[in-house]
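Me: I have a structure open at the bench and would like to know what stands behind the labels people put on it. Could you take me through some of them?

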Amino acid sequence: MPKRWGMAERRSKAILIVALTFALASAQPGAGPAAAASRGGGEGWDPHRGMLISGATVVTMDDGHAVLPHGRVLIRDGVIVAVWSGVEPPPGVVVGGASRVEATPSDLLFPGLINLHDHPREDILEAWLPPASDARPDLGKTGRDPYANRYQWNGATGIRPTLEYRRLVDNPAGILSEPVGLGLGGEVVKYAEVAALLAGETAIQGAPRNPESDHVLARNVDNDAFNTRIAAPLVRPITTFPGPALERLRSAMVGGRVDAWMVHLAEGVRDAARRPKDGVSSRAEFDILRADGLLTDMTVVIHGTALERTDFAAMRAAGTNRNRGGDGRGAKLVWSPLSNLLLYGTTTHVYDALAEDVLVSLGTDWTPSGSRSLLRELKVADASLRDPRLLGHERESVPLFAIAGKTEADRRDSEAALDQALVDMVTRNPARTLRWNDRVGSIEAGRVADLVMVRRPTAAPPVGIPLTVYRSLIQSTEAEVELVLVGGDPLVGDVDRMALLKPGDFEVLTSATDGFTKAVDVTTSLPVPEGDETLAELTDELRLGLAALGGDEPPAGGGPGPADNTYDYLQARVSGGAAAFLTRSAFRAALADSVGTLPNGSLNLERIDLVPLLAADDDFLEHLLHADVDPVTGLLADPTPPYALYPAVLNHVGPAGNPLENLP
């Protein structure tokens with residue numbers, strides 16, 4: 001790996017750079033809370049005059065996958081008015097006073113990326129390491145092997161939850177987000193959505209309802225983004241889905257009030273890979289789904305890691321029970337490969353799903369075990385589908401992607417087709433899954449202007465893979481993201497582009513590792529709580545909240561504090577300050593009831609660093625993916641980790657090595 005700064009130096013520099021750039025942005029004429037609250041103000045972009053993106057290569061992702069060189073896209077009032085190639089607009093199309101965004105054929109314009117599986121509530125947290133001490137003899141798990149299903153670490157079915165999981169994921173997310181905690185739920189989601197926007201995501205699933213964040217930045221899939229027909233997702237085990245709720249869902253499906261229902265299902269290993277003492281079949285959840293009458297063309301299975309090819313065939317064959325008619329696409333699948341690999345050492349057999357023509361989308365899951373963004377998840381999916389140590393040995397089951405025995409030209413066609421399929425998974429496929437394909441997921445007249453423009457990366461593709469527009473997106477990082485529009489509104493982009501479109505109405509973020517800068521507009525004139533809250537302000541609140549988990553006497557080396565630790569910062573702020581009248585000991589006792597205690601009497605809390613907004617700055621995840629282990633301590637080789645390290649299992653590293661070792 002290239003030599004980089006130590007984490008402490010980088011984080012110190014990052015804080016300094018961000019503070020300076022925020023200060024500089026605030027010093028611009030007309031900047032500050034009042035001006036920032038007027039999104040689209042200044043003399044640049046105006047939604048009614050519109051915007052013309054001119055000269056880019058337009059990757060439409062329409063039904064024919066048309067790619068337009070020297071393309072033009074005219075946007076007005078948040079909607080795409082016209083799309084064409086060449087200088088002259090089509091007959092009847094008037095550009096008028098639209099703001100001009102000049103581009104070149106090396107600038108690639110895609111539909112905004114749609115993330116169909118995330119948990120933004122936890123996306124302020126760094127990667128959680130599965131502990132090597134997590135032995136479950138009754139389940140046949142030694143502790144130095146992957147989990148067999150999600151219940152072995154999250155405790156959702158009565159199995160004791162992993163202490164480290166509660167301390168580093170569940171407890172901090174709850175304390176920061178919930179109203180009985182610090183009440184920063186809106187700030188948490190907005191922080192997660194800024195990270196998503198920086199990587200070209202314009203819609204994200206999984207955000208809890210909150211007036212501070214609903215549709216202020218990215219579209220919130222579950223929260224009435226376009227309509228109210230996206231049913232509440234089922235995250236808890238399907239075995240605990242209560243009868244009344246199940247009946248209400250079925251009734252809504254029949255009545256045409258549901259377009260999509262997402263269900264966490266079969267998240268674990270296939271039955272053949274279960275240990276002798278493991279009595280939990282993740283695949284059996286699929287049988288329960290069918291028995292409950294919930295396998296329909298509105299059903300969206302999240303994970304499906306344990307499913308067999310026959311199950312995918314049943315998904316594709318699923319009909320509809322709605323009186324408004326179905327879409328003929330069967331049940332759909334959302335795939336989160338990185339999270340699967342880090343927890344279970346395996347991932348969903350996606351080629352089996354593709355062979356059965358199941359519609360597949362990508363989702364990041366969450367930062368504790370998944371990718372920071374879909375741009376990173378695309379790279380993990382790319383490696384998973386091509387590396388024979390993961391799924392590469394199964395690609396021959398899909399003739400379009402098969403490479404064995406083909407000529408060099410045909411092999412290149414197969415590789416290009418696989419790249420196109422990957423980009424489908426973050427654009428048109430999720431739009432079709434949600435029945436939003438008449439609104440987003442492609443660049444066509446009449447669609448909403450959710451768009452991302454990236455500059456073509458300079459790095460050459462891997463040997464044997466042709467350089468296509470799809471490969472360029474797969475290889476892109478946040479550094480290549482030039483402009484992101486949600487409903488035509490420029491929210492993220494290169495500083496020079498945002499300065500033209502929104503003068504004085506943005507903040508500047510600088511990568512501490514790679515040095516590139518991006519402009520971000522998080523404030524809004526919409527009548528929502530905290531609409532004028534800046535990125536600098538909400539970031540500071542989250543950073544302080546996570547630091548306060550260490551109490552007033554956090555150990556110098558990290559980890560839970562002493563048994564008599566006090567928590568003045570939390571006590572003064574939880575429940576809006578309602579605990580301020582308690583004695584310190586009484587508050588600590590109440591906190592212990594919520595977060596649990598360790599055998600030595602310490603609370604199961606510790607100081608945690610806020611995960612960086614940019615993937616380039618997430619050195620901790622980089623060390624994890626590359627399996628960098630200190631040979632002396634046996635711990636992850638990160639000199640300044642976000643929490644106290646402990647012996648952990650790197651589940652993505654198999655007997656044949658690390659398939660993610662070359663991940664950019």
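**Strands and their partners**

Reply: Happy to. Strand S6 and strand S7 (residues 201–204) pair in the parallel sense, over 3 bridges. Please keep in mind that this is a predicted model.

Me: What makes S6 and S7 count as a pair?

Reply: Two strands pair if there are at least two bridges between them, and S6 and S7 have 3 bridges. The pairing is therefore met under that cut-off. For a spot to look at, Asn 115 stands opposite Ile 204 in S7.

Me: Which strands stand at the edges of that sheet, and why?

Reply: The sheet is open, with 3 parallel strands in the order S6-S7-S8. Strand S6 (113–115) and strand S8 (219–220) are the edges, because each has a single partner strand and so one side without a neighbour in the sheet.

Me: What makes S16 and S17 a hairpin, and in which sense do they pair?

Reply: S16 and strand S17 (residues 517–520) pair in the antiparallel sense over 4 bridges, and 6 residues lie between them in the hairpin. One bridge joins Val 508 to Ala 519 in S17. In the turn, Gly 515 has a positive phi of about 85°.

Me: How do you know that both faces of S16 are covered?

Reply: In a regular strand, side chains alternate between the two faces of the sheet. For strand S16 (residues 507–510), Glu 507 and Leu 509 are on one side, Val 508 and Thr 510 are on the other, and all are buried. Strand S11 (residues 332–335) is covered on both faces too: Lys 332 and Val 334 are buried on one side, Leu 333 and Trp 335 on the other. S11 pairs with strand S10 (residues 299–303) in the parallel sense over 3 bridges, and Lys 332 is the bridge partner of Val 300.

**Aromatic rings**

Me: Why is the pair of Trp 128 and Tyr 165 called edge-to-face?

Reply: A pair of aromatic rings is described by the distance of the centres and the angle of the planes. The count of aromatic pairs here comes to 10. In the pair of Trp 128 and Tyr 165, the centres are 5.6 Å apart and the planes are at 70°. Centres must lie within 6.5 Å, and planes over 60 degrees apart count as edge-to-face, so this pair earns the name. The pair links distant parts of the chain, with Trp 128 in the loop between S6 and H3 and Tyr 165 in helix H4, 37 residues apart.

Me: Are those two residues buried or exposed?

Reply: Buried means under 20% relative accessible area. Trp 128 is at 5%, so it counts as buried, and Tyr 165 is at 8%, so it counts as buried as well. Ring pairs also join Trp 128 and Tyr 165 into a cluster with Tyr 147, Trp 153 and Trp 366.

Me: What do Phe 620 and Tyr 643 tie together?

Reply: The ring centres of Phe 620 and Tyr 643 are 5.5 Å apart and their planes are at 70°, so this pair is edge-to-face. Phe 620 lies in helix H19 (residues 619–625) and Tyr 643 in the segment after H19, so the pair ties together parts 23 residues apart in sequence. Phe 620, at 0% relative accessibility, is buried, and so is Tyr 643, at 4%.

Me: What makes Lys 141 a charge over the ring of Tyr 147?

Reply: The charged group has to be within 6 Å of the ring centre and within 35 degrees of the ring normal. Lys 141 lies over the face of Tyr 147, at 4.6 Å from the ring centre. Arg 573 lies over the face of Tyr 569, at 3.8 Å from the ring centre.

**Two loop residues**

Me: Why is Asp 365 called buried, and Glu 530 partly exposed?

Reply: The limits are under 20% for buried and over 50% for exposed, with partly exposed in between. Asp 365 has 4% relative accessibility, so it is buried; Glu 530 has 37%, so it is partly exposed. Asp 365 is in the loop between strand S12 (360–362) and helix H11 (374–386), and its phi is positive, near 75°. Glu 530 is in the loop between S17 and helix H16 (535–548), with a positive phi of about 60° although it is not a glycine.

Note on methods: Residues are numbered from 1 along each chain as its sequence is written. This is a predicted model: local features need pLDDT of at least 70, side-chain atom pairs count only at pLDDT 80 or more; totals for chains, interfaces and linings use all residues. Side-chain values use heavy atoms; hydrogens and water are left out. Helices (H or I, at least four residues) and strands (E, at least two) are DSSP runs, numbered from the N terminus. Rings of Phe, Tyr and Trp (its six-membered ring) pair if their centres lie within 6.5 Å; planes under 30 degrees apart count as stacked, over 60 as edge-to-face and the rest as tilted. Buried means under 20% relative accessible area, exposed over 50%, partly exposed in between (1.4 Å probe, protein chains only).
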